[in-house]
Amino acid sequence: MKRIYLDYAATTPTHPEVVEAMLPYFGEVFGNPSAIHSFGQEAKAAVEEARNKVADLIGAQAEEIVFTSSATEADNFAVKGVAFANEHKGNHIITSSIEHPAVIETCKFLERRGFLVTYLSVDEYGLVAPDDVKKAITDKTILISVMHANNEVGTIEPVAEIGKFAKEAGIYFHTDAVQTVGHIPVDVNELGVNLLSVSAHKFYGPKGVGALYIRKGTKLASFMHGGGQENRRRASTENVPDIVGLGKAVEISRREMKEEAERLTVLRDKLIAGLQERIDRVHLNGHSVFRLPNNVNISVDFIEGESMLLNLDLEGICVSTGSACSSSSLEPSHVLRAMGCSHERAHGSLRFTLGKWTTEEDIGRVLEVLPKIVARLRAMSPLFKSHV
Ligand SMILES: *Cc1c(COP(=O)(O)O)cnc(C)c1O
């Protein structure tokens with residue numbers, strides 16, 4: 001049975017060109033980029049080339065890019081870094097209630113250290129209202145962190161509008177752009193951000209490497225202390241192969257992004273329309289227009305997302321409920337709950353995320369298989385029986 005992977009928001013396969021680009025850096029080009037000799041300088045040149053590529057992709061300057069071990073690290077670095085370096089100015093942080101755990105849990109940690117955090121609510125489509133951000137600002141606010149696009153429901157947030165307020169108020173603004181970088185155009189100046197997080201493995205790069213954009217002049221406390229790497233912002237010997245892989249992934253995305261986003265939007269809309277046609281009482285979660293090109297998140301009344309997921313897996317179709325990070329817990333998605341979904345609707349959710357190797361046939365197969373699974377599960381569901 002051919003397996004169909006529809007969980008690209010959790011991670012993507014590493015592009016074969018990326019793997020190929022990385023290989024020499026496990027072998028002959030093994031030097032430490034901090035070393036003065038030629039082995040070191042070769043490695044350093046590769047790291048700097050990757051830095052230029054990342055900077056170029058998001059409209060930044062190379063000196064403003066710091067490589068990290070992941071986007072989780074980049075999010076931690078941005079939020080804690082601003083908090084600890086600007087404590088003397090204030091202790092208030094504004095974020096949204098639909099952020100990735102890398103931001104939410106970091107904020108909760110800071111609350112235990114005496115910081116005050118406002119978690120903004122969102123509307124039924126998962127949108128943060130820029131006006132709510134504005135209203136939440138106090139003279140103690142030092143940071144606003146709102147994600148560029150949500151990883152569960154695919155809603156694209158009005159980050160540029162929030163950026164304008166943040167700039168007017170002179171408050172640092174961070175965005176987690178993990179789901180958009182490499183997929184849709186991202187420009188740090190258009191967005192008006194001081195800090196922006198990137199992860200390689202969400203756009204066909206290797207796992208375990210990310211980057212944080214830090215606008216020149218941003219006061220940020222480091223939390224990796226040691227050598228003077230990364231402009232003294234983050235100590236430790238650079239992960240050269242992974243950084244080269246990230247650079248290659250950026251290069252590929254620049255080449256293919258536009259066409260790929262168009263292709264995926266067509267497949268996405270075909271899947272949404274097909275599911276709505278074939279299954280009754282199915283709801284689209286997230287915004288219909290401000291939406292990532294590859295995200296389909298639905299709730300099916302009367303049955304559980306987990307049961308659909310397991311049955312799809314038996315048919316070789318791999319999807320997710322909520323986010324991968326919380327899929328081992330039985331708590332319903334905090335994102336769907338924040339959007340005002342009932343427990344039942346949150347539990348009945350399923351996320352399909354499409355990518356480079358998703359074909360029209362794959363979508364056809366989902367449309368053939370899922371309605372049968374839903375019918376079978378509903379036939380066994382006491383909720384459904386009491387409804388009919
Ligand atoms: C995957 C993801 C992260 C975490 O990225 P890692 O590089 O795996 O740590 C953070 N934010 C969002 C929105 C994500 O989708």
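A residue counts as near the ligand if one of its heavy atoms lies within 4 Å of it. By that cut-off, 13 residues surround the ligand in this predicted model. The protein also holds an open sheet of seven strands and an open sheet of three strands.

**Ligand shell**

- The closest residues of the shell are Thr 72, Asp 176, Gln 179, Ser 199 and Lys 202.
- Thr 72 places a polar side-chain atom 2.5 Å from an oxygen atom of the ligand.
- For Gln 179, an N or O atom in the side chain is 2.8 Å from a ligand oxygen atom.
- Lys 202 has a polar side-chain atom 2.8 Å from an oxygen atom of the ligand.
- On its own, the ligand has 380 Å² of accessible area, and the protein covers 89% of that.
- Polar residues number seven in the shell, alongside three nonpolar and three charged ones.
- Helix α3 gives the most to the shell, with three residues.

**Seven-stranded sheet**

- The strand order is β2-β8-β7-β6-β5-β3-β4, and the pairing is mixed.
- β2 (65-68) and β4 (116-120) are the edge strands, and each pairs on one side only.
- On average, neighbouring strands of this sheet are turned by 20 degrees against each other, direction ignored.
- At the β2 edge, four bridges join β2 to β8 (residues 210-214), and the two strands run antiparallel.
- Within that region, Ile 65 stands opposite Tyr 213 in β8.

**Helices on the seven-stranded sheet**

- Helix α3 spans residues 71-85 and packs on the sheet.
- The strands touched by α3 are β2, β3 (92-96), β5 (141-145), β6 (172-176), β7 (195-199) and β8.
- The direction of α3 makes about 160 degrees with that of β7.
- Helix α6 (residues 159-169) also packs on this sheet, where it touches β5 and β6.
- The direction of α6 makes about 165 degrees with that of β6.
- Helix α3 thus has two roles in this picture: it packs on the sheet, and it contributes three residues to the ligand shell.

**Three-stranded sheet**

- Here the order is β9-β10-β12, with antiparallel pairing.
- The edges are β9 (282-284) and β12 (349-353), each pairing on one side only.
- Neighbouring strands of this sheet are turned by 25 degrees against each other on average, direction ignored.
- β10 (residues 295-300) pairs with β12 in the antiparallel sense over five bridges.
- Asn 295 stands opposite Thr 353 in β12.
- Helix α9 (residues 305-314) lies across β10 and β12 and runs at about 45 degrees to β12.

Note on methods
Residues numbered from 1 in each chain as written. Predicted model: local features only at pLDDT ≥ 70, side-chain atom pairs only at ≥ 80, totals over all residues. Heavy atoms only, no water. Pairing = 2+ DSSP bridges. Axes fitted to C-alpha atoms, helices over the stretch in contact; angles between N-to-C directions. Contact = heavy atoms within 4.5 Å. Polar contact = N/O pair within 3.5 Å; in protein donor to acceptor, adjacent residues only side chain to side chain. Areas by Shrake-Rupley, 256 points an atom, 1.4 Å probe, with all protein chains shown as cover. Nonpolar A, V, L, I, M, F, W, Y, C, P; charged D, E, K, R; others polar.
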